[in-house]
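Colleague: Could you take one part of this model and go through it closely? I would like its geometry, its burial and its neighbours in one connected account.

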Amino acid sequence: MRTVTYFFIFLNLSLAVFEEPAVYPLPFLVTSLVEVLCLLVFFGRLTHFAKVTHRSVFWKDTKNICIMAAVLLSLTDLAIYGVLRIYNVKSIRWSRIVRPIFLINFAESRQIRRAFRSIRNTLPEITYVFLFFMFSLLMFSLMALKLFGERNLQTAEGLPYFRNYLEIVFDLYVLVTTANSPDVMMPAFDFSSWYALFFIAFVIINTYIFMSLFLAVVYNNYKKHLKVIFGG
């Protein structure tokens, strides 16, 4: 039963590869029939569990409620999408986001639920470090706007350079990953090589200090909660 459940969960999640917009598109009738089959298996699994469980225990279990709601939402969305498709009305399958619920909430997925519970307990404790990082990013973005915004600099493509605050925040956020380094600083560097110090300071503080601190806090707290959950 566990193998069958996991197989249909995997099949249900794999439909995203074949549904529009898809990597390997299949006819809507094929994907919809496969999804209905998966949902029937999930509902049958839930019905079987209800048969061997006391009614009060069954309805108090949040996992069962989540699975039932996910099945109903998926069927409703599938029906609406099919009707709109008949009338050539373009729509989006919003119920795709509920498919991981089946992976998490079946009784066989206890280890996955423990991992998610550990992540949930870790999030509040890393909030302060994340807020410090965002404060640093916003302050550096404000300094970049004041340093470069009034100098009418342009990028290699001829676009305005560091004149919009939100675009600066995004560019510097990408710079934390070093994905746009050193391209992001070249217009300022061409204007004056001293401006390179601004970007060097930004990378040292945010990439090497804040990111290392952030990852350390995430790792330590996640490990702590994981030990508590598993009783280690």
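Modeller: What follows is a close look at helix 2, then at some of its surroundings.

This is a predicted model, where local features need pLDDT of at least 70, side-chain atom pairs count only at pLDDT 80 or more, and totals for chains, interfaces and linings use all residues. Residues are numbered from 1 along each chain as its sequence is written, and side-chain values use heavy atoms, with hydrogens and water left out.

Helix 2 runs over residues 28–51. Helices here are DSSP runs of H or I with at least four residues, numbered from the N terminus. Helix 2 has 24 residues and reaches 34 Å from first to last C-alpha, close to the 34 Å expected at 1.5 Å a residue (the expected span is 1.5 Å times one less than the number of residues).

Now burial. Thr31, Ser32, Glu35, Cys38, Leu39, Phe42, Arg45 and Leu46 are the buried residues of helix 2 (buried is under 20% relative accessible area, exposed over 50%, partly exposed in between, with a 1.4 Å probe and protein chains only). An α-helix has 3.6 residues a turn, so residues three or four places apart point the same way. The cover over these buried residues includes helix 1 (2–14), helix 3 (55–60), helix 4 (62–86) and helix 5 (100–105); contact means heavy atoms within 4.5 Å.

Take helix 4 next. Two packed helices are described by the angle between their axes and the distance between the axes. The axes of helix 2 and helix 4 come within 10 Å and cross at roughly 160° (axes are lines fitted to C-alpha atoms, for helices over the stretch in contact, with angles from 0 to 180 degrees between N-to-C directions). That makes helix 2 roughly antiparallel to helix 4, a term for angles over 145 degrees. The crossing of the two is left-handed: the near helix is turned anticlockwise from the far one by less than a right angle.

On the helix 2 side, the contact residues are Phe28, Ser32, Glu35, Val36, Leu39, Phe42, Leu46 and Phe49. They meet Asn64, Ile67, Met68, Val71, Ser74, Leu75, Leu78, Tyr81, Gly82 and Arg85 in helix 4. By class, this contact has 12 nonpolar, 4 polar and 2 charged residues (Ala, Val, Leu, Ile, Met, Phe, Trp, Tyr, Cys and Pro are nonpolar; Asp, Glu, Lys and Arg charged; the others, Gly among them, polar).

One residue of helix 2 merits its own note: arginine 45. Arginine 45 counts as buried, at 14% relative accessibility. Beyond its neighbours within four places in sequence, arginine 45 touches Met1, Thr5, Phe106 and Glu108.

Thr5 leads to helix 1, where Thr5, Phe8, Ile9, Asn12 and Ser14 are buried. Helix 2 and helix 5 are among the elements covering those buried residues. Helix 1 has 13 residues that should span 18 Å, and its end C-alpha atoms are 18 Å apart, which agrees.

Helix 5 also helps cover helix 2. Leucine 103 sits in helix 5. At 27% relative accessibility, leucine 103 counts as partly exposed. Its contacts, leaving aside neighbours within four places in sequence, are Ile9, Leu13, Ser109 and Ile112. Phenylalanine 198 is 95 residues away from leucine 103 along the chain, and their C-alpha atoms are separated by 47 Å.

Key: Parallel < 35°, antiparallel > 145°, perpendicular 65-115°, else oblique.
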